[in-house]
Amino acid sequence: MKQGILTINAGSSSIKFALFSLAHPISPEAEVSGQIDGIGTNATKMVAKDKAGEKIADQMIAGEQVSHDQAFDALLKWFMATHAGWQIVAVGHRVVHGGERYSQPTIVDDTVLGHLTSFIPLAPLHEPHNVAGIRALQALLPGVPQIACFDTAFHRSQPDVAQTFGLPRALSAEGIKRYGFHGLSYEFIARALPQHSHRANGRVVVAHLGNGASMAAMVNRKCVATTLGFSTIDGLLMGTRCGNLDPGVILHLMETKGLSVKDMTKMLYKESGLLGVSGISQDMRTLLSSNKPEAQEAVDLFCYRIARELGSLAAASGGIDALVFTGGIGEHAAEVRRRVCLQSEWLGIRLNPEANARHDIVISAGNSSVDVLVIPTNEEWMMAHHAQTLLAL
């Protein structure tokens with residue numbers, strides 16, 4: 001019987017999953033990967049593909065307002081029916097928030113689960129679903145170890161000054177500080193970078209650009225600063241999230257328009273960003289192909305914010321030796337990379353236009369003093385690797 005490690009990334013309305021064959025080392029290519037979308041609706045759908053990229057599942061999940069538990073149950077029933085020769089020996093979960101307590105992946109027991117539940121107020125839109133995913137898999141796969149892999153963990157190496165807000169000390173002591181997110185992606189890039197640049201241990205800025213977007217500065221492949229802070233709406237403009245915003249704007253809107261906390265949460269997380277600025281779409285591909293000025297304004301603001309944060313992160317790390325683009329937009333939107341690099345030439349960045357258009361790994365010109373690279377991230381493999389390492393499988 002083949003043994004595998006399952007990875008789970010549970011969101012508010014979707015579940016991403018992947019199965020990796022237990023090997024030494026684990027292949028970066030999953031044997032099976034897929035996603036369940038539309039959880040909580042009457043149109044919940046599961047799509048999966050095999051290692052070759054061929055679609056092996058494309059089906060609706062029966063039920064009205066399908067819950068996470070029902071979705072996980074359907075996933076495992078499908079898996080057992082189609083992959084009877086496989087045994088799941090561990091499950092790695094992406095957990096958005098580890099608070100100040102967790103800076104490494106950890107095996108989940110009742111005590112850990114209690115801690116994760118206590119972190120829900122720190123990440124109310126993400127953590128509940130991460131916890132629900134762990135509880136569901138514990139019930140469906142009793143005895144199989146569940147591993148929590150934290151998106152905040154990579155950023156715990158930041159100096160205290162980079163994590164502190166200018167708030168009363170008592171609030172900082174309660175955990176109100178800059179945590180940073182997308183840590184599994186940054187950790188993967190830190191591991192992969194030496195294969196592509198001799199400057200990997202220098203001053204590196206990584207731009208994780210997707211529907212959720214952030215940037216981080218690394219020195220010796222350890223985080224020293226990042227754009228996301230206490231929540232997942234700080235820093236860069238994102239698909240539907242506002243990014244950096246003067247808190248006075250929030251106070252003003254609540255006072256003058258009578259908006260509640262719930263109203264503001266919906267606006268800042270779901271109605272802002274590329275979607276809000278353009279009024280057209282949150283999808284960068286749609287905006288880049290549009291000739292409407294509102295679409296152009298959204299793309300301009302997205303690239304401007306990246307270039308501005310790049311300068312800030314270079315300052316935090318004392319310079320820059322390499323710039324890495326990753327994430328859906330970072331890996332596929334050559335035009336975004338071109339604009340960011342053009343606005344950042346003062347840092348010594350020079351782009352090779354042909355290499356950029358081909359989406360090569362190295363896209364910097366020969367006369368660039370900064371290596372510019374495009375490296376696909378692999379958060380799922382990172383979780384499988386952590387599970388294997390932690391359990392000595």
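User: What makes the pairing of the Ser 185 and His 208 side chains a polar contact?

Analyst: The two side chains meet at 2.8 Å. A polar contact is a pair of N or O atoms within 3.5 Å; within protein, one must be able to donate a hydrogen and the other to accept it, and residues adjacent in sequence count only if both atoms are side-chain atoms. At 2.8 Å, the Ser 185–His 208 pair makes the cut. Keep in mind that this is a predicted model, where local features need pLDDT of at least 70, side-chain atom pairs count only at pLDDT 80 or more, and totals for chains, interfaces and linings use all residues. Numbering starts from 1 along each chain as its sequence is written, and side-chain values use heavy atoms, with hydrogens and water left out.

User: Is Ser 185 buried or exposed, and how do you know?

Analyst: Buried: its relative accessibility is 0%, and the label applies under 20% (exposed is over 50%, partly exposed in between; 1.4 Å probe, protein chains only). Ser 185 sits in helix 6, residues 183–192, where helices (H or I, at least four residues) and strands (E, at least two) are DSSP runs numbered from the N terminus. Not counting residues up to four places away in sequence, Ser 185 touches His 208, Thr 326, Thr 377 and Glu 379; touching, or contact, means heavy atoms within 4.5 Å.

User: How are helix 6 and helix 15 arranged, and what makes you say that?

Analyst: Roughly perpendicular. Their axes cross at roughly 85 degrees and come within 8 Å, with axes fitted to C-alpha atoms over the stretch in contact and angles running from 0 to 180 degrees between N-to-C directions. The perpendicular class covers 65 to 115 degrees, with under 35 roughly parallel, over 145 roughly antiparallel and the rest oblique, so 85 degrees fits. On the helix 6 side the contact includes Ser 185 and Phe 188, and on the helix 15 side it includes Glu 379 and Trp 381.

User: Why are helix 2 and helix 3 described as roughly antiparallel?

Analyst: Helix 2 (residues 110–118) and helix 3 (residues 127–140) pack at about 155 degrees, with axes 9 Å apart. That angle is what puts the pair in the antiparallel class. Leu 113, Leu 116 and Thr 117 in helix 2 meet Glu 127, Val 131, Ile 134, Arg 135 and Gln 138 in helix 3.

User: What makes Tyr 102 count as buried, and which residues does it contact?

Analyst: Its relative accessible area is 10%, and that makes it buried. Tyr 102 lies in the loop between strand 6 (86–95) and strand 7 (106–107). Among its contacts beyond four places in sequence are Val 112, His 115, Leu 116 and Phe 150. With His 115, the side chain of Tyr 102 also makes a polar contact, at 2.7 Å.

User: How do you know whether Gln 65 is buried or exposed, and what stands out in its backbone?

Analyst: Gln 65 is exposed, since its relative accessible area is 59%. It lies in the loop between strand 5 (55–61) and helix 1 (68–82). Its phi is positive, about 50 degrees, although it is not a glycine. Most residues other than glycine have a negative phi, and most peptide bonds are trans. Asn 220 is another non-glycine with a positive phi, about 55 degrees.

User: Which peptide bond is cis, and what is its omega?

Analyst: The one joining His 24 and Pro 25, with omega about 0 degrees. Pro 25 is in the loop between strand 2 (14–21) and strand 3 (32–37).
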